[in-house]
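Please open the structure below in your viewer and keep a selection tool at hand. Each stop names what to select and then says what is there.

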Amino acid sequence: MTADRPGLTLPEELLLLALDPQRGRSYCRNRFLEYGMAGAVLAELEFQGRITEQLGRIRVINPLTPQDPLLAQVLGSLPAPDKGSFAGGVSAKRWIGRTGRHVEELCLGHLVDRGVLRRETHRFLGLLPYHRHPAATPDLPASVRERFTAAQAAGFPDRHSRTLAALVSAIGLSGAVAQGGWRARSEMRGLVHQEWTAHAVHQNVRQDKANRSGGSVGVAGGGGSGGDD
């Protein structure tokens with residue numbers, strides 16, 4: 001969190017970019033957004049010097065509890081230093097696949113409690129309840145998008161903006177938030193493999209696509225309904 005991102009963590013920024021502020025629906029496939037949220041919270045913990053990544057595995061290097069309740073809960077769920085599986089730490093890809101939904105729910109609840117989002121309950125066919133999360137006011141989502149656009153115009157000049165852009169591309173959100181059409185989306189795709197959190201998110205997205213298609217997924221142009229492969 002910095003002066004130009006008052007009170008917002010990386011997962012909160014990603015969530016505000018992903019949600020339609022009026023309808024409260026995600027611009028990308030919701031399961032992919034869940035993966036992105038899990039990747040974003042890992043990236044935020046890395047920015048704060050709490051974790052590191054080695055050979056695709058997450059390792060805690062500073063177990064002191066962060067002030068942010070979401071970050072504190074996630075950090076507390078990770079193996080303590082020098083514990084875990086035989087290789088140490090936990091697999092980033094597997095952790096993201098397992099915990100994405102929980103992380104998204106925690107972040108949504110946090111933003112509702114802060115008055116950033118509203119929670120509206122609807123019923124599918126008048127029976128099954130589901131939630132939408134429109135913005136309480138349009139100002140904060142608009143400012144997040146403006147900052148993203150400015151960072152894109154500057155070539156994503158810092159680690160924070162590059163990671164956010166990589167996560168946006170990994171979950172198939174770039175078509176909804178990026179400026180400049182195909183060329184801009186292609187440049188953002190190149191960031192996915194440079195940021196380990198986004199790469200782990202993208203692996204889960206690709207696996208989901210392969211499972212739905214009944215086979216492997218080749219490299220192809222992305223769209224708003226899936227990861228920007």
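The tour starts with the whole chain, moves on to helices and ends with single residues.

This is a predicted model, in which local features need pLDDT of at least 70 and side-chain atom pairs count only at pLDDT 80 or more, while totals for chains, interfaces and linings use all residues. Residues are numbered from 1 along each chain as its sequence is written, and side-chain values use heavy atoms, with hydrogens and water left out.

**Whole chain**

Select everything. The chain has nine helices and five strands; helices (H or I, at least four residues) and strands (E, at least two) are DSSP runs, numbered from the N terminus. Following the chain from the N terminus, the order of elements is α-α-β-β-α-β-α-β-β-α-α-α-α-α. Of the 229 residues, 47% are buried; buried means under 20% relative accessible area, exposed over 50%, and partly exposed in between (1.4 Å probe, protein chains only). Contact means heavy atoms within 4.5 Å. Among contacts between residues at least 6 apart in sequence, 63% join residues at least 24 apart.

**Helices α2 and α6**

Select residues 30-47 for α2 and 159-170 for α6. Their axes are 10 Å apart and the packing angle is about 165 degrees. Axes are lines fitted to C-alpha atoms, for helices over the stretch in contact, and angles run from 0 to 180 degrees between N-to-C directions. That angle makes α2 roughly antiparallel to α6, since angles under 35 degrees count as roughly parallel, over 145 as roughly antiparallel, 65 to 115 as roughly perpendicular and the rest as oblique. On the α2 side, show G36, G39, A40, A43, E46 and F47; they meet R159, H160, T163 and L167 in α6. These contact residues divide into four nonpolar, four polar and two charged. Ala, Val, Leu, Ile, Met, Phe, Trp, Tyr, Cys and Pro count as nonpolar, Asp, Glu, Lys and Arg as charged, and the others, Gly among them, as polar.

Now pick T163 in helix α6. Is T163 buried or exposed? Its relative accessibility is 1%, so T163 counts as buried. Leaving out residues up to four places away in sequence, T163 touches L10, A43, F47, E195 and T197.

**Helices α2 and α9**

Keep α2 and add α9, residues 196-213. Here the axes are 8 Å apart and the angle is about 165 degrees. Again, α2 is roughly antiparallel to its partner, α9. The α2 residues in this contact include R31, F32 and Y35, and those of α9 include W196, T197 and V201. By class, the contact has seven nonpolar, four polar and five charged residues.

**Helix α3**

Select residues 69-77. Which residues of α3 are buried? They are L70, L71, V74 and L75. Seen down the axis of α3, they fall within an arc of 125 degrees, so they line one face of the helix; the arc is that of the directions from the helix axis to the C-beta atoms. They pack against α1 (10-18), α2, β1 (51-54), β2 (57-60) and α4 (92-113).

**Two single residues**

Select S174 in helix α7 (residues 174-177). S174 is buried, at 0% relative accessibility. Not counting residues up to four places away in sequence, it touches V168, S169, R185, M188 and D228.

Finally, select D139 in helix α5 (residues 139-153). D139 is exposed, with a relative accessible area of 58%. Add P21: the two residues are 118 apart along the chain, and their C-alpha atoms are separated by 9.7 Å.
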